[in-house]
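Morning, everyone. One structure today, and a short walk through it. Have a look at the screen first.

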Amino acid sequence: EDGSYLSESSAILQYLATVNKVDAEYPVDAIERARVHEAMLQVDTLARKVTFLAFRPFVFKKLMGAEMPPLEDVINKNAPELAWSLGVLDANFGKQKYAAGAKFTIADYPIASELNQLIAIAPLLNDTTKLEKFANIARYLEDVKVVKGHDQTYGEAAGAAAFGMSK
């Protein structure tokens with residue numbers, strides 16, 4: 001509108017929800033909104049580890065035409081950190097249905113996006129990172145499937161096959 005731009009997805013989601021008054025997904029109550037902000041920080045510190053530790057090294061090398069280690073090797077190398085992050089998220093989802101509490105909020109869009117990548121690479125995960133080990137994350141991924149537009153946004157293997165990321 002005025003030439004301003006935002007480059008971080010969390011800031012963009014907050015801006016759009018505020019401008020469009022999407023109060024159901026971005027509450028106006030101060031404590032509820034703070035919980036949404038807290039959950040959005042978990043995107044960067046925990047959920048995004050799926051991308052950073054599994055997808056990004058593989059995808060960047062593929063896009064740059066470089067020699068690539070098998071994705072399974074990349075995941076195995078990063079398994080301890082990935083498993084720790086997934087464990088923290090799993091514990092959080094054991095306490096609440098969605099990222100910020102009982103209701104779906106704007107924090108769930110990026111978290112679900114990151115975690116849905118686990119489904120696409122499930123055959124490549126090792127014993128410490130298999131989705132079955134994280135029952136609360138698995139339940140959460142089922143719960144977000146009811147959100148309008150889920151299948152178009154998070155198609156289980158969307159993009160993964162294009163990068164040869166499935167066995």
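I'll start with the fold, go on to the core, and finish with the rings.

First, a caveat: this is a predicted model. Every value I quote is computed.

The fold. What does the secondary structure come to? Seven helices and zero strands. Read from the N terminus, the order is α-α-α-α-α-α-α.

Now the contacts. Take pairs in the chain at least 6 apart in sequence. Of those contacts, 74% join residues at least 24 apart.

Surface next. The chain has 167 residues, and 41% of them are buried. The exposed area is about 9300 Å². Carbon and sulfur atoms supply 57% of that area.

On to the core. In soluble globular proteins, nonpolar side chains tend to be buried together. Here, the largest nonpolar core has 40 residues. Which members touch the most others? Leu-86, Phe-93, Ile-111, Leu-115, Ile-137 and Tyr-140. Five helices each supply at least two residues of this core: H2 (30-47), H3 (49-63), H4 (71-95), H5 (108-120) and H6 (135-143). The largest share comes from H4, with seven residues.

Stay with Phe-93 for a moment. Set aside its neighbours within four places in sequence. What is Phe-93 in contact with then? Tyr-98, Ala-99, Ile-111, Leu-115, Asn-136, Ile-137, Arg-139 and Tyr-140. Four of those names, Ile-111, Leu-115, Ile-137 and Tyr-140, are also on the list of core residues that touch the most other members.

Now the rings. The structure holds four aromatic pairs. One is Tyr-98 with Phe-104, edge-to-face, at 5.8 Å centre to centre and 85° between the planes. Both of these residues are buried. Phe-104 also pairs with Tyr-109, again edge-to-face. Here the centres are 4.9 Å apart and the planes 90° apart.

Is each partner in that second pair buried or partly exposed? Phe-104 has a relative accessible area of 13%, so Phe-104 counts as buried, the cut-off being under 20%. Tyr-109 comes out at 28%, so Tyr-109 counts as partly exposed.

Put the ring pairs together and you get a cluster: Phe-93, Tyr-98, Phe-104, Tyr-109 and Tyr-140. Two of its members, Phe-93 and Tyr-140, are among the core residues I named earlier.

One last item, away from that cluster's list. Where does the charged end of Arg-33 sit? Over the ring of Tyr-26, 3.7 Å from its centre.

That's the tour. Questions, please.

Definitions and conventions
Residues are numbered from 1 along each chain as its sequence is written. This is a predicted model: local features need pLDDT of at least 70, side-chain atom pairs count only at pLDDT 80 or more; totals for chains, interfaces and linings use all residues. Side-chain values use heavy atoms; hydrogens and water are left out. Rings of Phe, Tyr and Trp (its six-membered ring) pair if their centres lie within 6.5 Å; planes under 30 degrees apart count as stacked, over 60 as edge-to-face and the rest as tilted. Buried means under 20% relative accessible area, exposed over 50%, partly exposed in between (1.4 Å probe, protein chains only). A charge sits over a ring if NZ of Lys or CZ of Arg is within 6 Å of the ring centre and within 35 degrees of the ring normal. Helices (H or I, at least four residues) and strands (E, at least two) are DSSP runs, numbered from the N terminus. Contact means heavy atoms within 4.5 Å. Accessible areas come from the Shrake-Rupley method with a 1.4 Å probe; for residues, only the protein chains shown count as cover. A nonpolar core is a set of buried Ala, Val, Leu, Ile, Met, Phe, Trp, Tyr and Cys residues joined through side-chain atoms within 4.5 Å.
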